[in-house]
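Please keep the sequence and the three-dimensional view side by side while reading, and find each named residue in both before moving on.

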Amino acid sequence: MRIGFDLMGSDAAPSSELETLKLLLEDPVSDLVVCGRGDFEQHVADLGYEFQLADEVIGMHEIPSVAIRKKKKSSIGVLMNLLKTRQVDAVVSAGNTGAILGFGMIALGKISGLSRPGLAITFPAETGYSIVLDVGANISPKSIDYYNYGIMGAILAEAVMAKKNPRVAILNIGSESMKGDEVKKKAYQMLESSALNFIGNIEGNHIMKGFADVIICDGFTGNVLVKFTEGMIDTVWSMLREEVDAIARRKFGQFLVRPAVKGLKARFNYE
């Protein structure tokens, strides 16, 4: 398998990407075609990877629709064209999400019968990982979009995560079938009558319990969920370190993590 790798994607590009390429040398899994500006070609060559020139770079805060029109020779644009012409089998980029999506739709098109694409992520749960989609591509999906997300998510869970007959659920404000707006209610009916293993609605406090293998939602909710979780992890880690440090100072508590966790839970207890 040949994978196109965007050297210019992330906020810290290309330093983060170059470090990633060094790590991949230790455990090579595929042939990489690295795409970036010419002044980094030698860096890539020294690591032994194939290089593809990109004259332009799309910044993280650029408007995707404008960037797609004006920067066809960007690393994202070049890689998507390589994927279209089957010179690579997949593309990896940490770049502008909207630009990636837009170039992908222009170069590759949509699956027949699919009205709108969705962005999917793997989300940690007590039993492993669940797939959450959409996380930003479509903030106002129709019922048919929820239905298609269920199908695409189930296929992804089976093919990539090896989950047989994956459980599909709608993220909602209650577990009852009548919960939510009319779009979600209709989507519920469509999924319930489908061949999918649809288990109904789940609430936010059940996401990490692992009750569902595929969790579908609108792009606004999904994006807020991802960003909130990122911030929560940073905050929890900081608070946990404070608790552990406090115990260590009082009791030399290298092994006293349990009281620290209890203290952390107390800080999160809204009662």
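The paragraphs below go from the overall division of the chain to its cores, its salt bridges, its backbone and its surface.

The model is a predicted one, and the protein in it is divided into domain 1, covering residues 2–108, and domain 2, covering residues 112–270. Computed from centre to centre over C-alpha atoms, domain 1 and domain 2 lie 29 Å apart.

A good place to begin is helix α4, residues 75–84, which is mostly covered, since eight of its ten residues are buried. The buried residues of α4 are Ser75, Ile76, Gly77, Val78, Leu79, Met80, Leu82 and Leu83. Around them, the packing partners are the strands β1 (2–6), β2 (31–36), β3 (50–53) and β4 (90–92), together with helix α5 (97–108). After α4 comes Arg86, a residue whose phi is positive, near 60°.

Which residues have the most contacts inside the largest nonpolar core? They are Ile58, Ile76, Met80, Leu82 and Phe103, in a core that has 16 residues. Two or more residues of this core come from each of β2, α3 (64–70), α4 and α5, and α4 gives the most, with six residues. Phe103 shows how such a residue is surrounded: leaving aside neighbours within four places in sequence, its contacts include Ile58, Ala67, Ile68, Ile76, Gly77, Met80 and Leu108. Lys71, Lys72 and Ser74 are also in contact with Phe103. Apart from this core lies another, of 15 residues, which has Met161, Ile170, Ala187 and Tyr188 among its members.

The charged side chains come next. Side chains of opposite charge can pair when their charged atoms come close. In this model the count of salt bridges comes to nine. One of them joins Arg2 and Glu50, with the closest N and O atoms 3.2 Å apart, and this pair links distant parts of the chain, given that Arg2 is in strand β1 and Glu50 is in strand β3, 48 residues apart. Arg2 counts as partly exposed because its relative accessible area is 29%, and Glu50 likewise counts as partly exposed, at 39% relative accessibility.

Other salt bridges are formed within a single helix. In helix α1 (residues 15–26), Lys22 and Glu19 lie three residues apart, about one turn of the helix, and the closest N and O atoms of their salt bridge are 3.4 Å apart. Lys22 is partly exposed at 41% relative accessibility, and Glu19 is partly exposed at 44%. In helix α7 (residues 182–192), Lys185 and Glu182 are also three residues apart, about one turn of the helix, and their side chains meet in a salt bridge with an N to O distance of 3.4 Å. Here Lys185 is partly exposed, at 25% relative accessibility, whereas Glu182 counts as exposed, at 59%. Salt bridges that share partners also join Lys163, Arg167 and Asp213 into one network.

The backbone deserves a separate look. Most residues other than glycine have a negative phi, and most peptide bonds are trans. Where does the model depart from trans, with a cis peptide bond whose omega is near 0°? The bond from Ala13 to Pro14 is cis in this way, and Pro14 lies in the loop between β1 and α1. A cis peptide bond also joins Leu133 and Asp134, with omega about 10°, and Asp134 is placed in the loop between β6 (128–133) and α6 (143–161). Positive phi values occur in the loop between α6 and β7 (167–171), where Ala162 is found: the phi of Ala162 is about 55°, although this residue is not a glycine. Ala162 is exposed, because its relative accessibility is 63%. Asn165 is found in the loop between α6 and β7 too, and its phi is positive as well, at about 50°.

Finally, the surface carries a nonpolar patch of about 440 Å², made by Ile139, Phe220, Val224 and Phe228. Phe228 is found in helix α8, residues 219–251. Why does Phe228 count as exposed? Its relative accessible area is 54%, and the cut-off for an exposed residue is over 50%.

Note on methods
Residues are numbered from 1 along each chain as its sequence is written. This is a predicted model: local features need pLDDT of at least 70, side-chain atom pairs count only at pLDDT 80 or more; totals for chains, interfaces and linings use all residues. Side-chain values use heavy atoms; hydrogens and water are left out. Patches are made of residues with over 30% relative accessible area and no salt bridge: like charges are joined within 9 Å, nonpolar side chains (Val, Leu, Ile, Met, Phe, Trp, Tyr) within 5 Å. Accessible areas come from the Shrake-Rupley method with a 1.4 Å probe; for residues, only the protein chains shown count as cover. A salt bridge is a side-chain nitrogen of Lys or Arg within 4 Å of a carboxyl oxygen of Asp or Glu. Helices (H or I, at least four residues) and strands (E, at least two) are DSSP runs, numbered from the N terminus. Buried means under 20% relative accessible area, exposed over 50%, partly exposed in between (1.4 Å probe, protein chains only). Domain bounds come from an automatic or database domain assignment. Contact means heavy atoms within 4.5 Å. A nonpolar core is a set of buried Ala, Val, Leu, Ile, Met, Phe, Trp, Tyr and Cys residues joined through side-chain atoms within 4.5 Å.
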